[in-house]
Amino acid sequence: LREAILRGDLKPGERLMELQLAAKLGVSRTPIREAIRMLEQEGLAITIPRKGAEVAKMTLKDMEDVLEIREALDELAAQIACEKMTEEQMVRLKKCQEAFKKSTATENVKLIAEADVNFHDVIYEATNNPKLVSLLNNLREQVYRYRVEYIKDANNHPILISEHEDIIRAIENKDKEAVTQAMYVHVSNQATAVKEVIQKQG
């Protein structure tokens, strides 16, 4: 269900009929109900009284709220990574960047999104702060929808690659000011692009 929503197979406002979905997927209604509950937590579905669940529409307010938190936490994580990232983690960060570059040539949105997540995960891990990582992981599901919308446009891929390079360079130089600016630009560009998508959807 989640992938169908993110791919756009299930459109915003479309009803999530438990019986039909259960029959289509060959499962009982119980896992469907649980899946819908999880989608609600991720902001991908909404339950309307006397109508049932439907695919949630992306709203500017939701996006701004989520990305505002992401910006603050990502900047904090990158600042800490400047101090704590090990040589081994830096090697992995660069490998993740190479994997991300290769993924953009596939036009596989899910693969590109996963490569982007892997890149940021190395930075989070480098903070050596389990509580911060937990907060970022909880936010990930809510951010994922916007990440996918941004990645769908291939014109954004060179921008993402360049921004990742700026982040790597700043962390390698242990330059907190530069990494804060690089992460701010990284999240802001995503917010601007997704805002246009939401406005077009009306």
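**Reading a predicted fold: a dialogue**

Trainee: Which residues does I159 touch, not counting residues up to four places away in sequence?

Mentor: Setting those neighbours aside, I159 touches Y150 and N189. Please keep in mind that this is a predicted model.

Trainee: Where is I159 found?

Mentor: I159 is found in helix α8, which covers residues 157–172.

Trainee: Is I159 buried, partly exposed or exposed?

Mentor: The reading rests on relative accessible area: under 20% is buried, over 50% is exposed, and partly exposed lies in between. I159 has 36%, so this residue is partly exposed.

Trainee: What separation do the C-alpha atoms of I159 and L44 have?

Mentor: Those C-alpha atoms are separated by 27 Å, and the two residues are 115 residues apart along the chain.

Trainee: How should E149 be read, and where is E149 found?

Mentor: Begin with the element, then turn to accessibility and partners. E149 is found in helix α7, residues 130–151. Its relative accessible area is 16%, and E149 is therefore buried, given that the cut-off for buried is under 20%.

Trainee: With which side chain does the side chain of E149 make a polar contact?

Mentor: The partner is the side chain of K152, at 3.2 Å. Leaving aside neighbours within four places in sequence, E149 is also in contact with M58, V194 and V197.

Trainee: How many helices and strands does the protein chain have?

Mentor: The secondary structure comes to 9 helices and 2 strands. Read from the N terminus, the order of elements is α-α-α-β-β-α-α-α-α-α-α.

Trainee: Why does the radius of gyration of the protein chain agree with a compact globule?

Mentor: One compares the value with that expected for the chain length. For 202 residues, a compact globule would have a radius of gyration near 17 Å, and the protein chain has 18 Å, which agrees. The C-alpha trace spans about 55 × 35 × 30 Å along its principal axes.

Trainee: What share of the contacts with a separation of 6 or more comes from residues 24 or more positions apart?

Mentor: In the protein chain, such residues account for 74% of those contacts. As for burial, 43% of the 202 residues count as buried.

Trainee: What does the protein chain expose, and how many positive and negative side chains does it have?

Mentor: The protein chain exposes about 11,000 Å², of which carbon and sulfur atoms supply 52%. There are 30 positive and 34 negative side chains, and the centres of the two sets lie 6 Å apart.

Note on methods
Residues are numbered from 1 along each chain as its sequence is written. This is a predicted model: local features need pLDDT of at least 70, side-chain atom pairs count only at pLDDT 80 or more; totals for chains, interfaces and linings use all residues. Side-chain values use heavy atoms; hydrogens and water are left out. Helices (H or I, at least four residues) and strands (E, at least two) are DSSP runs, numbered from the N terminus. The radius of gyration is taken over C-alpha atoms; the globule rule is 2.2 Å times the number of residues to the power 0.38. Buried means under 20% relative accessible area, exposed over 50%, partly exposed in between (1.4 Å probe, protein chains only). Contact means heavy atoms within 4.5 Å. Accessible areas come from the Shrake-Rupley method with a 1.4 Å probe; for residues, only the protein chains shown count as cover. Lys and Arg count as positive and Asp and Glu as negative; His and the chain ends are not counted. The place of a charge is taken as NZ of Lys, CZ of Arg, CG of Asp or CD of Glu. A polar contact is a pair of N or O atoms within 3.5 Å; within protein, one must be able to donate a hydrogen and the other to accept it, and residues adjacent in sequence count only if both atoms are side-chain atoms.
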